[in-house]
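Let's take a walk through this one together, from the overall make-up down to single side chains. Have the structure open and follow along.

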Amino acid sequence: MTKYSKSKHAIEMSKAKTIFLLDHSTKTALNPGSLVDLETRSRTGIPTENVAKPVWTCMLEACLEYSRIVWDIYPNHCFIRYIICDDDALEIGLWDTASQNVNHFMNLLSSVRSASSDSMIGRCIPAALDSLSEPTENEKGGKIKNECRLICIGSFNDDKHVRNLEVMCQELLNQKNRDIITSGKGLAITCLSIIFLNVYPDHFQVSKVSEMLCVDQSLQTYTDVYSVRAGNLSNFMTALVLKHYNLTSTTVTGIPMKEEQNASSSANYDVEIFHPSAAMEELIRGDVAGLVYAVKEGCEYRTATLKWNTPRVSINDLWYCSSAYRIAAVDVNSRPSSCLTNFLLGGRSVMLEMPKPGGSKMLSHMLSSHGGEIFIHTLVTTRSILEDPPSISEGAGGKVSDYRIDAFAEIMKSCRLAPFSSVEKEPLSKAYNKIERYTTFWPITSSKSYMAACQNIMGIFPNVIVKENLSEEEVNQCKQVIYNFMGMENRGDPLPVSNITSARSKKREEHYKNLFTELEQYLRAHCRSKQHHRVLDCLLECRSLAGEKIDEKGVIRANTDSPASPPLAKKAFAVTQGDKPISLYDYWLKNVIEEQSNRRVELVGRIKAGEGIAKLYQNLESERNLVSQL
């Protein structure tokens, strides 16, 4: 069987009337569909050969199982009829509640003669539309939508054959609705879901019909095409009924039963049941994540596993239930299913438990019978509606006493909607931006916020930052709060964070680091003007000057003696001569020259010259002048 996908409309629509068009041609009656394994032996001891089951038998068994599940869960609400497509259209059953049962249909099907012609589904489509336009007992005397389902099961030649049948259905449906509107007799078909189910023998490798999904442009017909092996048709129809009627599968595991051979011993068995999906959806809406789902072996649907739990009390009224739904056993003829059914019909109840994420277990459902019918009851796993409404301090995780209720009330007051003038532009986007800005960083509880724990030290800081614009005085006040925290850190004063659970195992430096991180997040969320940027820049500058001491007036001073300050970073070695840096070689050469000059007596000429250049033979010129005069 190939995996299939249903259209959203076909899944959500709950059809009250369904007709099976069964192809009773020579292809379905003579071709072997699947083999039946017989566990018998002849007198000679030689095992007998397996019996070949024709495709026609596989079709009837699957359709009857489909119908039984629907009638068990939705009696007197969903109606089914069969039309045997032979030389003529042979209609099985009526739209009355008396004939909607398996025994009635099996008696009528036993009189069907053997096949003697080719496929006649096309000739029987008008008879199917006539039957769908007839009102049921629930549809008489009222204006309702006649939404129906037509399931055509047979062996089709190819895709063209299926396409021609689809076009024929649409044309005949339009003509039928026009005749009903003109004559005023019958119910017009508002929506028709058509399903073509191509069944081929197990020994065929591939199917000649490909799967597809077609939707009419008028949204009046929805067509699905499937190809299934005859041996897997029963499992396919079981998965199909779950989708058509919004059902789900639950496996009751751990059922204690006595063995047939040894009555003194017992064993645990599993029983699978079908019921409406609403029985599980209420648990899912209640945030119960302990349901365990598994894919059913050989099928394409999932089943939820619930464990048998024998109740200690037998009074059913003691259990508070939110809803009850009929069930249908999947393998109705098996011994475990029969024993469970008889146990419940005898007036006993069965509790079903499911695992919780924490490892514990919880009673979630109860199986009990009322008036000869078995129901699955959904137990209330959360607070009962009969109790007093919960306090705001009681959340999903138990009682919480540190919710920031007053702060949340302030946000609600500041973000309430009010009429706006026509002059204002885009008031809705402005409101969206404001609520997004207020909730970007907003801890729910005080035990998870360092800013909320230091509310007394913060002062007006949180209320001032949320404003649209800040005055010069407000900017200075916000800066002063930052300086106060920096001064406390430098002095080694602890923060009042005793109510924060995660802060108990952290050091004092981590407390201030987390506080400044929250302050930065809070400022960035509300930073939208130059004044806000000045406060943010002040915080970033103070965080970068972790090795400096900042007093309460914001004056930065050296902080080498403070135990809370980090060690000063080592600066790189640099030498300058005047305003220009010199190399290490020049610095070394200068030191060497100075050291050597100190070891010898300096010349008198250099001493007299000072910082200038010493001039040699200063009296040489005067001596030349004296000689020339002589």
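Helices here are DSSP runs of H or I with at least four residues, strands are runs of E with at least two, and both are numbered from the N terminus. By that count, the protein has 20 helices and 24 strands. Keep in mind that this is a predicted model, in which local features need pLDDT of at least 70 and side-chain atom pairs count only at pLDDT 80 or more, while totals for chains, interfaces and linings use all residues. Residues are numbered from 1 along each chain as its sequence is written, and side-chain values use heavy atoms, with hydrogens and water left out.

Start with the protein as a whole. Of its 630 residues, 39% are buried, where buried means under 20% relative accessible area, exposed means over 50%, and partly exposed is what falls in between (1.4 Å probe, protein chains only). The accessible surface comes to about 37,600 Å², and carbon and sulfur atoms account for 52% of that; these areas come from the Shrake-Rupley method with a 1.4 Å probe, and for residues only the protein chains shown count as cover. Contacts (heavy atoms within 4.5 Å) tell you about the fold too: among those between residues at least 6 apart in sequence, 69% join residues at least 24 apart.

Now find helix H3, residues 55-73. Its 19 residues reach 28 Å from the first C-alpha to the last, close to the expected 27 Å; the expected span is 1.5 Å times one less than the number of residues. H3 is mostly covered, with 15 of its 19 residues buried. Past its end, in the loop between H3 and strand E4 (79-85), sits Asn76. Asn76 isn't a glycine, yet its phi is positive, about 65°, and the residue is partly exposed at 46% relative accessible area.

Helix H7, residues 233-244, makes a nice companion. It has 12 residues and reaches 16 Å, close to the 16 Å expected. Nine of those 12 residues are buried, so H7 is largely enclosed by the rest of the structure; among the buried ones are Phe236, Leu240 and His244. Asn246 lies in the loop between H7 and strand E10 (247-258). Asn246 has a positive phi near 55°, again in a residue other than glycine, and is partly exposed at 45%.

What about charges? Side chains of opposite charge can pair when their charged atoms come close. Counting a salt bridge as a side-chain nitrogen of Lys or Arg within 4 Å of a carboxyl oxygen of Asp or Glu, the whole structure holds 13. Go back to H3 for one of them: Arg68 and Asp72 meet at 3.1 Å, N to O. They are four residues apart in the helix, so about one helical turn separates them. Arg68 is buried at 10% relative accessibility, whereas Asp72 is partly exposed at 34%.

Helix H6 (residues 159-183) has its own pair, Glu166 and Arg163, three residues apart and bridged at 2.5 Å, N to O. Here Glu166 is the buried partner at 3%, and Arg163 is partly exposed at 43%. An α-helix has 3.6 residues a turn, so residues three or four places apart point the same way. Elsewhere, Lys467 and Glu474 form a salt bridge with their closest N and O atoms 2.8 Å apart. Back in the earlier region, salt bridges that share partners join Glu65, Arg68 and Asp72 into one network.

Next, look at Thr303 in strand E13 (residues 302-309). Thr303 is buried, with a relative accessible area of 6%. Its side chain makes a polar contact of 2.9 Å with the side chain of Ser249 and one of 2.8 Å with that of Thr251. A polar contact is a pair of N or O atoms within 3.5 Å; within protein, one must be able to donate a hydrogen and the other to accept it, and residues adjacent in sequence count only if both atoms are side-chain atoms. Thr303 also touches other residues, including Glu272 and Tyr293.

Ser334, in the loop between strand E15 (328-329) and helix H9 (335-345), is buried at 16%. Its side chain reaches the backbone oxygen of Asp331 at 2.9 Å.
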